[in-house]
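Trainee: I have a structure to look at that is new to me. Could you walk me through it?

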Amino acid sequence: MLRVVVGHSNDPDSRGAIAEILEQCHSSLAGEHPKAGILLAAIDFDHPLILQHIDQTYPHIQLIGGTTDGEISSVLGFEQDSLVLMLFCADAIAFRAGVGQNISQNATAAIQSAIDFATRNWERDRVKLCITLPESLTTSAASIVNNLQRVLGEQVPIFGGLTADGWRFKQTYQFCGTQVYSDAIPILLLAGSLHFSHGVASGWSPIGKRGKITKVCQNIVYEIDNQPALIYYQRYLGNQPPSSEYPLAVFDASEPDSYMRAPSGNYDPISGSITFFGDIPEQASVQITEATRDSILAASQTSTIEAIQNYPGTMPAAALFFSCASRRQILGSRTKNEYQLARGCIAQCLPSCGFYTNGEIAPLKQRGASYFHNETFITLLLGEA
């Protein structure tokens with residue numbers, strides 16, 4: 001069976017934090033040796049030291065991870081500037097980690113390298129799920145997700161979040177094995193007797209009429225309905241500048257549901273262009289959205305309930321949560337309620353972990369192709385079939 005344990009420490013000292021976490025995990029494991037792990041760390045920790053201690057305690061573990069904008073776990077709930085480790089033990093589920101470097105220079109090559117590394121001496125058609133925590137600041141996240149999905153195939157759903165650096169937007173770090181990277185994509189592939197399901201919700205609701213993206217360059221939208229993008233926003237917000245509180249819902253022609261794109265806060269009042277936290281395809285239908293803090297919080301419940309209702313087994317063994325750093329900024333002191341509400345939807349206290357990301361990754365529907373999201377709460381449930 002799949003057994004999952006979590007350690008979480010808010011000790012600011014790296015040695016103290018990893019020692020506390022490893023003691024928590026050791027006690028929960030009761031002699032079992034984990035196959036794989038996910039490490040989530042605030043930006044200011046000594047990451048090489050932490051990875052070295054994990055490797056010394058659990059040699060040859062298939063480990064990935066990255067830096068965050070806040071951490072979540074079933075041990076401490078929501079924390080900032082903390083350290084979380086989730087470990088997986090299983091006989092019927094296989095885990096393989098890989099990493100690709102210099103993703104901003106050649107995303108296709110980096111992704112292929114990560115997959116080749118993870119699947120060496122493995123049949124690639126065994127893979128059932130991919131978890132990834134890639135770079136967020138040096139390249140297009142939507143391009144990363146699209147390329148990874150293309151190489152893995154649409155039958156392999158991808159989940160995860162982009163690494164963050166505590167809202168500094170200077171440099172993020174990714175982990176694989178004992179190494180610390182930047183500008184990289186670590187992946188954890190799962191195969192074997194696996195059950196999983198997920199939920200996606202944001203809390204924002206579309207208002208007004210849909211428009212069409214008529215001029216765009218990656219994440220900079222110049223025109224909506226053949227007029228400056230700023231005019232489209234001013235139609236609903238007046239002179240209020242575009243902000244992450246009013247993201248666009250983007251409707252893919254092949255999907256009934258939408259994904260979110262949040263303005264970054266940068267816009268050009270002369271050209272009327274608006275910069276977003278992710279690429280938007282030309283000719284995509286979009287609609288401005290609005291939300292309250294209560295509806296944003298309620299999305300964590302909606303996401304978790306959706307995952308529970310779609311779980312194919314009796315009881316999952318673990319939950320992973322990926323929530324957006326912009327949600328944390330908007331929620332402020334109420335951020336801690338997001339995990340509390342999600343946890344309250346689960347019948348028993350599942351081992352869980354997660355983090356606040358620079359963008360989330362998940363399919364819009366069960367077993368569908370994965371998308372890059374902004375300002376969204378993703379729930380992923382895992383168990384053994």
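## A first tour of the fold

Mentor: Gladly! Keep in mind that this is a predicted model. The accessible surface of the protein comes to about 14900 Å², with 45% of it belonging to carbon and sulfur atoms.

Trainee: Thanks! How many helices and strands does the protein have?

Mentor: Let's go by secondary structure. The count for the protein is eight helices and 27 strands.

Trainee: Why is the protein said to be as compact as a globular protein of that length?

Mentor: Start with the rule: for 385 residues, the globule rule gives 21 Å. The protein comes close to that value, so it is as compact as a globular protein of that length, with a radius of gyration of 20 Å.

Trainee: And what does the C-alpha trace span along its principal axes?

Mentor: That takes three numbers, one for each axis. The C-alpha trace spans about 65 × 40 × 40 Å.

Trainee: What percentage of the residues is buried?

Mentor: A residue counts as buried when its relative accessible area is under 20%. Of the 385 residues in the protein, the buried share is 57%.

Trainee: Among contacts between residues at least 6 apart in sequence, what percentage joins residues at least 24 apart?

Mentor: Here we set aside pairs that are less than 6 apart in sequence. Of the contacts that remain, the share joining residues at least 24 apart is 80%.

Trainee: Now the rings. Is the aromatic pair of F322 and F355 stacked or edge-to-face?

Mentor: This is an example from the 12 aromatic pairs in the structure. F322 sits in strand β23 and F355 in strand β24, 33 residues apart, so the pair links distant parts of the chain. Their centres are 6.1 Å apart, and planes over 60 degrees apart count as edge-to-face. With 85 degrees between the planes, this pair is edge-to-face.

Trainee: Are F322 and F355 buried or exposed?

Mentor: We can check each ring against the cut-off of under 20%. F322 has a relative accessible area of 3%, and F355 has 1%. Both F322 and F355 are therefore buried.

Trainee: Which residues form one aromatic cluster?

Mentor: Look for three tyrosines and a phenylalanine. The cluster is formed by Y232, Y233, Y236 and F276.

Trainee: Last one: which residues does E338 touch, not counting those up to four places away in sequence?

Mentor: First find E338 in helix α8, residues 335–344. E338 is buried, with a relative accessible area of 0%. Its contacts are I296, L297, S300, S323, R327, L331, Y356 and F377.

Conventions: Residues numbered from 1 in each chain as written. Predicted model: local features only at pLDDT ≥ 70, side-chain atom pairs only at ≥ 80, totals over all residues. Heavy atoms only, no water. Helix = DSSP H or I, 4+ residues; strand = E, 2+ residues; numbered from the N terminus. Rg over C-alpha atoms; globule rule 2.2 N^0.38 Å. Buried < 20%, exposed > 50% of the residue type's maximum accessible area, 1.4 Å probe, protein only. Contact = heavy atoms within 4.5 Å. Areas by Shrake-Rupley, 256 points an atom, 1.4 Å probe, with all protein chains shown as cover. Phe/Tyr/Trp six-rings, centres within 6.5 Å; stacked < 30°, edge-to-face > 60°.
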